[in-house]
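Colleague: I am new to this structure and would like a close look at one part of it. Could you take me through it step by step?

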There are 2 protein chains.
Amino acid sequence: MPFQIYSDRLMRMQPKTVREQVTNQIRDDLLSGRFEAGSMLREIELASRFGVSRGPVRDAFIQLSNEGYLAYQANRGVTVRRPPNPDDRRFITSVRKQIETHVILKGTPHLTDNSLKNVESALDRLKVACDEGKATTIALRDVEFHESILVACGGDDMLGAWRQLCSRMLLTYTRHQDYAHTYREHFEIFTPLSNKDAQSTVEAIVANIQ
Amino acid sequence: MPFQIYSDRLMRMQPKTVREQVTNQIRDDLLSGRFEAGSMLREIELASRFGVSRGPVRDAFIQLSNEGYLAYQANRGVTVRRPPNPDDRRFITSVRKQIETHVILKGTPHLTDNSLKNVESALDRLKVACDEGKATTIALRDVEFHESILVACGGDDMLGAWRQLCSRMLLTYTRHQDYAHTYREHFEIFTPLSNKDAQSTVEAIVANIQ
DNA sequence: ATACCGTACAATGTTAACAATTAACACCAA
DNA sequence: TTGGTGTTAATTGTTAACATTGTACGGTAT
């Protein structure tokens, strides 16, 4: 069975290594807007903040650069990347829809109870976030829900590209103020999925992504 | 001006850091099929082969995992990923066409002489590879040519996702035996591009990607 | 005043030692 | 035989010291 790089984050398990914890923490901070776009991140500063050495922080910088959040310059460190412009944003959304559609159509027949359970718990976490009403957390859970579907449908080959696209989008996450509606929309994705109704799932997903 | 992570590889400059050299070397080896799909790569082994410490090799593993070549498991190291199945392959090709089309249509008007020169030298290197007739090198130069176009057209926001898609495709690069034809096809992409004829460039690109 | 150069400092890059984890194997008991 | 357990070797994870690079600042000559 293929291995999921971010399974710890996705399944909300305690990350095994310091590197994973640091990476997750910095990613969350980036999505929460704690770091200003264009600003530089210092290895030493973050290392001391987390109480670890520079090694894992370096690893996290490399990974987050590849995920699209940070820009890396040799001997000069990393800077926070800016969100995409509206034109690219529209295009990225279109590609995202295609990828999710492709993976769902292909993977729905092979869904297992276990993988569906992971999707369901992702939905639960989204609900908790919506109840709390904290926008940045909702954004995170939103993406994680979609990610859990891709994983459940065996879309490992697409996951990397999909994450690249989503990471940039997340930096300008905007949604209805109506958080209950946000949850309902995703619930209406899960329902047909759990019935292995690929066509309806795709329709709900395409309507959701915008 | 945004920074290009792989510019050293793209411009065929001497990589500045050991990490970049190691990353490039391992990537080339992967594309040459030196490492069998599914096999494990050992930090110590590669470090001693390159005559460096494990640090840069670790960094390279993280990066190549994020690029889609390797699969990473905590405390267990990395394995070489398998190429995508035909179904996914077709889909990936379709998305690749869309991305390149989008970036070219948007970026052609803003092309500079300098950026065009980078594309031209990428084309030159492809020609050298075609003359030599070594398939793996041609595959590499082929992708680098397309990448240089994306960079020239300012497609930084798409580059990460595009690379994710291409990296997997490269693991099963197959092309005409007629290497001269391969070069000519790419020459016919460059010509309209250098004239800032976006429409013809896109047509040539779409015909080329398969 | 301005341009140039050299020095000092602060940051990243690299290394090697040490810690923690994993997997394999031998061993023992039921 | 089988199932579990402890040991051991191999590998990755982490750290801290050291090396190198890049930037900023101040002095000097023009």
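Is A:Cys130 buried or exposed? Please start there, and then show me the surroundings of the DNA.

Modeller: Happy to help! Please keep in mind that this is a predicted model. A:Cys130 is buried, since its relative accessible area is 7% and buried means under 20%. This cysteine takes part in no disulfide. Its nearest cysteine sulfur belongs to A:Cys166 and is 17 Å away. A:Cys153 tells a similar story: the closest cysteine sulfur, again in A:Cys166, is 15 Å from its own, which is too far for a bond, because a disulfide needs the two sulfur atoms within 2.5 Å. A:Cys153 is buried as well, with 8% relative accessibility. Over all chains, the disulfide count is zero.

Two other buried residues are worth a stop on the way. A:Arg125 sits in helix H6 of chain A, which covers residues 113-132. With a relative accessibility of 17%, A:Arg125 counts as buried. Between A:Arg125 and A:Thr137 there are 9.7 Å from C-alpha to C-alpha, and the two are 12 residues apart in sequence. In the other chain, B:Thr23 belongs to helix H2 and is buried at 3% relative accessibility. Beyond the neighbours within four places in sequence, B:Thr23 is in contact with B:Ala60, B:Gln63 and B:Leu64.

Now to the DNA, beginning with strand C. Around DNA strand C there are 20 residues, and the closest are A:Arg54, A:Arg58, A:Tyr72, B:Val18 and B:Arg76. Of the atoms of this strand that come within 4 Å of the protein, 74% are from sugar and phosphate. Some individual contacts make this easier to picture. The side chain of B:Arg76 has an N or O atom 2.9 Å from a phosphate oxygen of DNA strand C, and a polar side-chain atom of B:Ser53 is also placed 2.9 Å from a phosphate oxygen of that strand. A:Glu43 takes part through its backbone, with an N or O atom 3.4 Å from a phosphate oxygen. Both chains contribute helices here: H3 (43-50) and H4 (54-67) of chain A, and H2 (18-31) and H4 (54-67) of chain B, each supply at least two residues of the surface near DNA strand C. That surface has seven nonpolar, six polar and seven charged residues.

DNA strand D comes next. It has 20 residues around it, of which A:Val18, A:Ser53, B:Arg54, B:Arg58 and B:Tyr72 come nearest. Sugar or phosphate holds 74% of the DNA strand D atoms within 4 Å of the protein, and bases hold the rest. A polar backbone atom of A:Val18 lies 2.4 Å from a phosphate oxygen of DNA strand D. From the side chains, a polar atom of B:Tyr72 is 2.5 Å from a phosphate oxygen of this strand, and one of A:Ser53 is 2.8 Å from a phosphate oxygen. On this side, helices H2 (18-31) and H4 of chain A and H3 (43-50) and H4 of chain B each give at least two residues to the surface near the strand.

Finally, let us see how the two protein chains are related. Chain A superposes on chain B by a rotation of 180° with 0.0 Å of shift along the axis, at an RMSD of 0.1 Å. This is the relation of a two-fold axis. The residue of chain A that comes closest to that axis is A:Ala161, whose C-alpha is 2.2 Å from it. The copies meet through the same surface, because 100% of the interface residues of chain A are also interface residues in chain B.

Note on methods
Residues numbered from 1 in each chain as written. Chains lettered and ligands numbered in written order. Predicted model: local features only at pLDDT ≥ 70, side-chain atom pairs only at ≥ 80, totals over all residues. Heavy atoms only, no water. Near = heavy atom within 4 Å. Polar contact = N/O pair within 3.5 Å; in protein donor to acceptor, adjacent residues only side chain to side chain. Helix = DSSP H or I, 4+ residues; strand = E, 2+ residues; numbered from the N terminus. Nonpolar A, V, L, I, M, F, W, Y, C, P; charged D, E, K, R; others polar. Buried < 20%, exposed > 50% of the residue type's maximum accessible area, 1.4 Å probe, protein only. Least-squares fit on C-alpha atoms with pLDDT ≥ 70 in both. Contact = heavy atoms within 4.5 Å.
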